[in-house]
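Trainee: Could you walk me through this one? I'll fire off questions as we go.

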Amino acid sequence: MSLSICFQVLVLTISTTTQIWAYTDGVGTQCLGNVLRVTIHGSLLMGTHTDLDVLNGTDVINVSPLLATQCGYSQNPDPWGNMLLYISLQHCFAQSRTDGMSATNLQLRTYEPDSERVYPVSKTCRLPHWASREVLCSNNYMEVSVEHDLPTVEQLKWMTAGVKGGNSPTSGPGSMKSPFRLTEVIFYTPQDKTFSPMELSRLGYGLHTSPTRLLIRGPYNTTVTDNQEVAGVPMAIMRSSVVYKHRWMLSLVNAEVACPTGGLTFTDNLIIWRLPRHIRPLMSFSAEVVEAYMGLEAQRLDEATMSARGYSFYATDEHFVLEMPMQSPEGYFKSTVHRKRYYISYSVEPMIELLWRESGDSAETRYKVLFPIVTPPMPRLPHATVYSDPEEGVFKVIVGTFLPDVELINITTESGVMTTAEAITSGFDIQQYALSNGSKVFSLQVPFSHPTASKGNPNVKTLAYTLRLVLGFLVLPEQTTFSHPIVLEAAVEDTDMPTVSGSCDQQNFHITVQYGSQGPNIETVIGDSVLTEELAQHYAFSDNGTHFDLMIPFSSPDIAYKVQYTDAAVHSSYVSASLDVHLRSPEKGWNITHFSLACSFPTFIIACSSNGSIGVLAVKLEAVPSLNPAQLALKDPSCGPVYSDDRIALFYFHANTCGTTREFKDGVMVYENMATLKNDQNAKTPLSTNTEPQYRFRFSCTYTVNASKTLAFSTTSQSKVPVADASMGQLKVEMRLARDLTYTQFYSDGDYPMVRHLRQPLYFEVELMQFEDPDVELVINSCWATPQGDQTSKPRWDLVVDSCPNPEDPDQTVFHLVKSDHRVLFPSLVKRFEVKMFSFAEAEDSPAGQVVFHCSVVICDPRSLQNGLCRGPCASMQMGTNEVKRGPRAAPEPQVVHVVSGLIFLL
């Protein structure tokens with residue numbers, strides 16, 4: 001190393017605050033001709049900061065990018081974190097010996113927050129034969145090493161002594177050293193440029209002179225590099241002469257290098273690399289190529305391996321041609337992002353190695369090119385495969401395919417951006433699956449009911465769900481991002497349509513509207529009036545989230561009337577009133593459903609008084625919608641209504657006035673009159689149509705001419721208080737499941753089996769039917785659950801024991817107070833209780849999650865002291881403290897009745 005000229009910045013690293021551990025696993029070395037390849041497993045580098053140092057005696061020198069170019073180090077990572085280092089055997093700090101042996105000492109340092117790991121690398125390689133000129137083209141530098149033939153000290157003595165015919169100088173200590181000193185380098189670009197060694201070092205070049213060889217190494221793109229095309233292939237060419245001086249003597253050593261920077265052609269599945277057959281200016285057209293090899297990652301491949309891999313290496317008149325399939329396992333695909341879109345590229349690092357001699361010259365040139373190839377980015381649009389199951393109510397989609405270096409990091413919905421972890425917490429099911437070819441896909445499952453999904457109705461009976469997502473991806477290790485939008489749609493038949501039900505009492509219509517799956521987003525029309533907020537308040541609107549209730553008076557203008565008579569005498573009559581309710585879609589105006597309810601309200605139509613006064617109520621009928629009741633009159637047009645509005649007209653007159661006629665029939669006297677429009681009875685009103693009938697309300701009062709009645713009255717002394725006799729009869733008890741805690745709507749037998757969630761409340765009602773004795777009490781004696789309808793099946797779980805909630809049940813049964821209302825007239829005959837849905841862990845001959853509820857009830861006389869089942873503390877609590885107003889009765893044994901629910905499944 002006596003005549004070595006190297007210029008580097010030495011960085012000494014000393015650590016005094018962290019623990020340093022030495023490891024050797026995960027690092028491999030291999031000598032490959034004039035190159036040492038070091039393989040570092042990705043597990044050593046994952047998640048850590050890494051430094052590469054070269055050891056030069058006791059000095060530890062960090063390998064920076066500049067130093068790597070000057071001294072012959074290059075590296076190439078892959079997507080899995082592995083690292084390949086290619087080191088020239090003539091690197092700056094090689095420990096070379098005259099026997100061709102070259103030793104390399106390195107260390108790899110990885111840093112973690114509290115420790116530092118060191119992986120030493122030591123390898124000695126031997127190149128048996130060095131060619132006269134060695135050319136090495138790596139990805140970050142060009143290198144040429146030539147024999148300089150500078151005379152040694154002894155040779156100079158022999159030459160300057162003028163000895164002729166004498167013996168050549170003998171070898172001895174220091175005899176192999178040359179006194180010549182490197183002073184400058186001349187570059188031909190094509191203009192001559194001269195640089196001192198220091199100036200050349202600042203350009204990124206490295207110079208090294210050994211006793212027999214000169215080495216010059218530098219980057220591709222500098223002011224002294226000439227870019228030319230040789231046989232159509234772009235080449236970086238450096239031509240130089242190194243000037244050595246000793247006293248008055250001058251010696252020039254030529255050093256030329258040419259490395260390819262192109263020559264690639266890509267097809268759909270093939271990579272074609274062309275290298276000039278005659279690499280000018282390194283060789284002439286008469287040069288003879290002695291050896292030609294191809295390889296991968298600096299290692300030669302034999303013909304059998306090439307054939308098995310599908311490689312083809314051949315020569316034409318102008319080129320050496322290497323053809324490589326794009327699916328070769330020696331290469332790899334890598335994800336990239338271009339304009340926020342997903343692309344992939346294929347990378348492979350082939351090698352071409354040549355050995356040639358010039359014609360008539362024994363000097364050889366070894367030429368090796370390590371040529372990393374990355375194909376142009378190829379678009380890979382992610383594909384979404386949707387396999388949603390409407391019956392399950394779940395969106396299902398698979399998105400792919402992706403390379404292993406892609407991660408799903410976030411999901412954007414119409415509500416905002418969620419990380420993958422946040423999306424999973426909110427109800428997304430996200431999975432990642434690796435495929436056999438090394439790629440992967442992502443699977444997403446989202447319930448239709450998820451808050452980020454929108455719901456609509458393309459038609460009345462179809463429910464459509466839409467989920468709009470933008471998936472955000474990250475490419476490692478570059479940390480670049482891209483996104484892909486997905487629109488998931490599913491349509492199902494709407495089995496939970498809005499419904500209307502109703503009933504009547506003596507004065508009102510009671511209407512209940514169940515929202516169904518569409519929720520409150522419906523328009524309700526009562527008669528001809530849209531249910532506005534103001535009208536809803538007038539009709540006692542009440543909403544509990546699943547439905548709303550209305551109470552519409554008989555006198556409401558939205559009611560249509562018809563008159564019905566009970567007998568020919570017309571002493572009593574009824575108004576048949578009908579109410580139409582329409583549910584419509586507010587956005588599209590579709591008619592969802594129509595409900596019509598007709599009720600007969602016993603009310604005053606004709607009143608015939610014994611003093612001859614007659615009262616008549618004329619109503620506006622549904623068949624004559626344009627009628628104005630104020631325009632009605634009796635046969636005498638001057639007899640108009642004493643009161644009228646847009647719905648009714650009230651007439652009050654004496655039987656011998658207003659044109660009333662009288663007729664005797666079979667011992668009765670009949671007074672008759674008629675209400676019609678004033679003046680012209682056949683005239684049409686401006687709002688009427690030709691299809692409307694004429695309004696004529698004919699009425700009559702009948703009086704008996706002669707009649708006699710006989711009345712009888714007698715008394716009998718009572719010797720004792722009446723006592724009811726005991727007898728046997730059939731009692732009907734029914735157990736029903738309410739839709740909610742209000743106990744106003746119940747499931748029918750056709751709704752079973754039904755599905756409930758774990759611990760979802762179940763509201764049961766047990767009622768003694770067709771029985772109207774308020775002094776009798778219905779008591780729940782016991783309730784239990786089984787997996788089957790048979791009350792004796794196993795396993796069994798008790799809910800109520802001896803009329804008390806089971807104390808061993810973690811979710812104890814809750815009894816609810818029953819109050820009288822329009823449906824429940826006798827609260828003592830009704831019991832209500834609440835249980836939580838559960839499932840049996842194991843059940844014979846029945847599916848898991850299947851439950852049937854049973855109850856045993858007792859019909860009790862609260863005044864009797866004999867009925868043991870009715871006298872327990874919990875039974876007394878169920879019966880309350882209501883006083884019984886009837887006297888004592890003879891009480892038989894209490895009747896025990898078994899009731900059972902339908903089949904309920906746990907979801």
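**Strand 54 and its surroundings**

Trainee: How many residues sit between strand 53 and strand 54 in their hairpin?

Mentor: Strands here are DSSP runs of E, at least two residues long, numbered from the N terminus. Strand 53 covers residues 643-644 and pairs with strand 54 in the antiparallel sense over 2 bridges, where pairing takes at least two DSSP bridges between the strands. What links them in the hairpin is a stretch of 3 residues.

Trainee: Before we go on, what should I know about the model and its numbering?

Mentor: This is a predicted model, where local features need pLDDT of at least 70 and side-chain atom pairs count only at pLDDT 80 or more, while totals for chains, interfaces and linings use all residues. Side-chain values use heavy atoms, leaving out hydrogens and water, and within each chain, as its sequence is written, residue numbers start from 1.

Trainee: Which residue of strand 54 is the bridge partner of Tyr 643?

Mentor: Strand 54 also pairs with strand 51 (residues 613-619), antiparallel over 7 bridges. From that side, Leu 617 stands opposite Leu 650. Tyr 643 has its bridge partner in strand 54 too, and that is Leu 650.

Trainee: Which side chains of strand 54 point to the buried face?

Mentor: Buried means under 20% relative accessible area, exposed over 50%, and partly exposed in between (1.4 Å probe, protein chains only). Side chains alternate along the strand, and Ile 648, Leu 650, Tyr 652 and His 654 point to the face where they are not buried. The buried ones on the other face are Ala 649, Phe 651 and Phe 653.

Trainee: Is Tyr 652 buried or exposed?

Mentor: Tyr 652 lies in strand 54 (residues 648-654) and joins Val 642 and Tyr 643 in a nonpolar surface patch of about 350 Å². Patch members have over 30% relative accessible area and no salt bridge; nonpolar side chains (Val, Leu, Ile, Met, Phe, Trp, Tyr) are joined within 5 Å, like charges within 9 Å. Areas come from Shrake-Rupley with a 1.4 Å probe, and for residues only the protein chains shown count as cover. Tyr 652 has 54% relative accessibility, so it counts as exposed.

**Cores**

Trainee: Which strand gives the most residues to the largest nonpolar core?

Mentor: A nonpolar core is a set of buried Ala, Val, Leu, Ile, Met, Phe, Trp, Tyr and Cys residues joined through side-chain atoms within 4.5 Å. The largest has 58 residues, with Ile 216, Ile 279 and Tyr 367 touching the most other members. Apart from it lies another core of 52 residues, including Ala 649 and Leu 579. The top contributor to the largest core, with 7 residues from 233-246, is strand 18.

**Salt bridges**

Trainee: How far apart in sequence are the parts that Arg 736 and Glu 765 tie together?

Mentor: A salt bridge puts a side-chain nitrogen of Lys or Arg within 4 Å of a carboxyl oxygen of Asp or Glu, and for Arg 736 and Glu 765 the N to O distance is 2.5 Å. Arg 736 lies in strand 58 and Glu 765 in strand 60, so the separation bridged is 29 residues.

Trainee: What is the relative accessible area of Glu 734, the other partner of Arg 736?

Mentor: The closest N and O atoms of Arg 736 and Glu 734 are 3.4 Å apart. Both belong to a salt-bridge network that also links Glu 765, Glu 767, Arg 823 and Arg 832. Arg 736 is buried at 18%, whereas Glu 734 is partly exposed at 26%.

Key. Helices (H or I, at least four residues) and strands (E, at least two) are DSSP runs, numbered from the N terminus.
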